[in-house]
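Trainee: I am new to this structure. Please walk me through it, feature by feature.

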Amino acid sequence: MTDEPLPIARTVDEVAAALQPAWERGDRIGLVPTMGAFHAGHLALMRAARETCETVVVSLFVNPAQFGPGEDLSRYPRDEGGDALAAAAIGVDLLFAPAESEVYPPGFDTWVDPGALATVLEGAFRPDHFRGVATVCTRLFGIVRPKVALFGRKDAQQVAVLRQVVRDLALPLEIEARPTVRDEDGLALSSRNRYLSTDERELALALPRALDAGLAAHRSGEDPVAVVRAALEAAPGLTLDYVERADLGGDTLAAAVRVGTTRLIDNVLLADGAGP
Ligand code: AMP
């Protein structure tokens, strides 16, 4: 634990003032972009950044551009006070928590449109989602100028899309992917798990269990997609959006389900020894 309060920057200029010394020193700056409501998955990214970077910046911005009409933007969990304490305890150097008008100021009119990969899996169900993600992350990279940005494999397609953006636009940073952090019962941690009732949470466990069964099936030479689809179609109280196998920085089995009004995604790597 640290007793130091965590500096919070609200504007692009405040970020520049705070990071100027780190830029001048040539620090390895690590950026962890988030939408807040921190759980152990977020904290693992911050710890990983803390271990390898001289300066660690966490951004907290619930990005309207990555939510579709009718999605959960207005009820998305927000707890900046708790988040700041948790980040301070890890030794994060700066929290960037801007208002929407700072991220998308008047006159903002450039969008990063990531192409085919953004139209499949999640992109088929959330048409402008990755355009919103790619745009906000590109802007955050410009504001913070990190050498590395860390993301969770829980959102494996997001990692793959951002790697494509960084490669295609020749942005001067690495994208580092970290493993999915799960609750003891296997449910992948997500800010959206807060929406689940106790009963819904129990139903949601079918998702990681189905993916586990898919992984086991793959290892014994069966079709993992068919196994996961059968398990999720048979699971009570779930609606299956998709299950697919795709190369998302490794051979990946990915699925999305809805439990009540909550949409959950998860994935597992099929390739033995594939990195996170
Ligand atoms: P979010 O606040 O949901 O946008 O997530 C911020 C970052 O945390 C993203 O890179 C996510 O992939 C990552 N993340 C979310 N949940 C998990 C998890 N259970 N394990 C690891 N990383 C996660």
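**Sheet, ligand, pocket and cavity**

Mentor: Start with a strand pair. Strand 1 and strand 4 (residues 94-96) run parallel and pair over 2 bridges. Keep in mind that this is a predicted model.

Trainee: Which residue in strand 4 is the bridge partner of isoleucine 8?

Mentor: Leucine 95 is the bridge partner of isoleucine 8.

Trainee: How do I read the whole sheet? What is the order of its strands?

Mentor: Read across the sheet, not along the chain. The order is 1-4-3-2-5-6, in an open sheet of 6 strands with parallel pairing.

Trainee: Which strands stand at the edges?

Mentor: Look for strands with a single partner. Strand 1 (8-9) and strand 6 (174-178) are the edge strands, and each has a single partner strand, so one side of each has no neighbour in the sheet.

Trainee: Now the ligand. Which residues come nearest?

Mentor: Begin with the shell around the ligand. It holds 18 residues, and Met35, His42, Asp155, Val181 and Leu189 come nearest.

Trainee: Which helix gives the most to that shell?

Mentor: Helix 2 gives the most, with 3 residues. Strand 2 (29-34), helix 2 (40-52) and strand 5 (148-152) each supply at least two residues of the shell.

Trainee: How do the shell residues divide by type?

Mentor: Sort them into three classes. The shell around the ligand has 8 nonpolar, 8 polar and 2 charged residues.

Trainee: Where does the ligand make polar contacts? Which atoms of histidine 42, glycine 152 and valine 181 are involved?

Mentor: Check side chain and backbone separately. In histidine 42, a side-chain N or O atom is 2.8 Å from an oxygen atom of the ligand. In glycine 152, a polar backbone atom is 2.9 Å from an oxygen atom of the ligand. In valine 181, a backbone N or O atom lies 2.8 Å from a nitrogen atom of the ligand.

Trainee: How much of the ligand's accessible area does the protein cover?

Mentor: Compare the ligand on its own with the ligand in place. On its own the ligand has 480 Å² of accessible area, and the protein covers 92% of that.

Trainee: Next, the second largest pocket. How much space lies in it?

Mentor: The second largest pocket holds about 230 Å³ of space. Its lining has 14 residues, and Thr180, Arg182, Asn267, Val268 and Leu269 lie nearest the centre.

Trainee: Which elements supply at least two residues of that lining?

Mentor: Helix 9 (206-219) and strand 9 (262-269) each do so. Helix 9 gives the most, with 4 residues. By type, the lining of this pocket has 6 nonpolar, 3 polar and 5 charged residues.

Trainee: And enclosed space? How many cavities of 30 Å³ or more does the structure hold?

Mentor: The structure holds 1 cavity of 30 Å³ or more. The largest cavity has a volume of about 50 Å³.

Trainee: Which residues line the largest cavity?

Mentor: Read the lining as a list, then ask where it comes from. Among the lining residues are Lys154, Leu187, Asn193, Leu207 and Asp266. Strand 9 provides the largest share, 3 residues. The lining of the largest cavity divides into 5 nonpolar, 2 polar and 2 charged residues.

How values were computed
Residues are numbered from 1 along each chain as its sequence is written. This is a predicted model: local features need pLDDT of at least 70, side-chain atom pairs count only at pLDDT 80 or more; totals for chains, interfaces and linings use all residues. Side-chain values use heavy atoms; hydrogens and water are left out. On a 1 Å grid over the protein atoms alone, a cavity is a set of points where a 1.4 Å probe fits but cannot get out, and a pocket is an open set with protein on both sides within 12 Å along at least five of seven lines; lining residues have an atom within 4 Å of a point. Grid points are joined across faces, edges and corners, and a volume is the space filled by probe spheres set on the points. Ala, Val, Leu, Ile, Met, Phe, Trp, Tyr, Cys and Pro count as nonpolar, Asp, Glu, Lys and Arg as charged, and the others, Gly among them, as polar. A residue is near a molecule or strand if one of its heavy atoms lies within 4 Å of it. A polar contact is a pair of N or O atoms within 3.5 Å; within protein, one must be able to donate a hydrogen and the other to accept it, and residues adjacent in sequence count only if both atoms are side-chain atoms. Accessible areas come from the Shrake-Rupley method with a 1.4 Å probe; for residues, only the protein chains shown count as cover. Two strands pair if DSSP finds at least two bridges between them.
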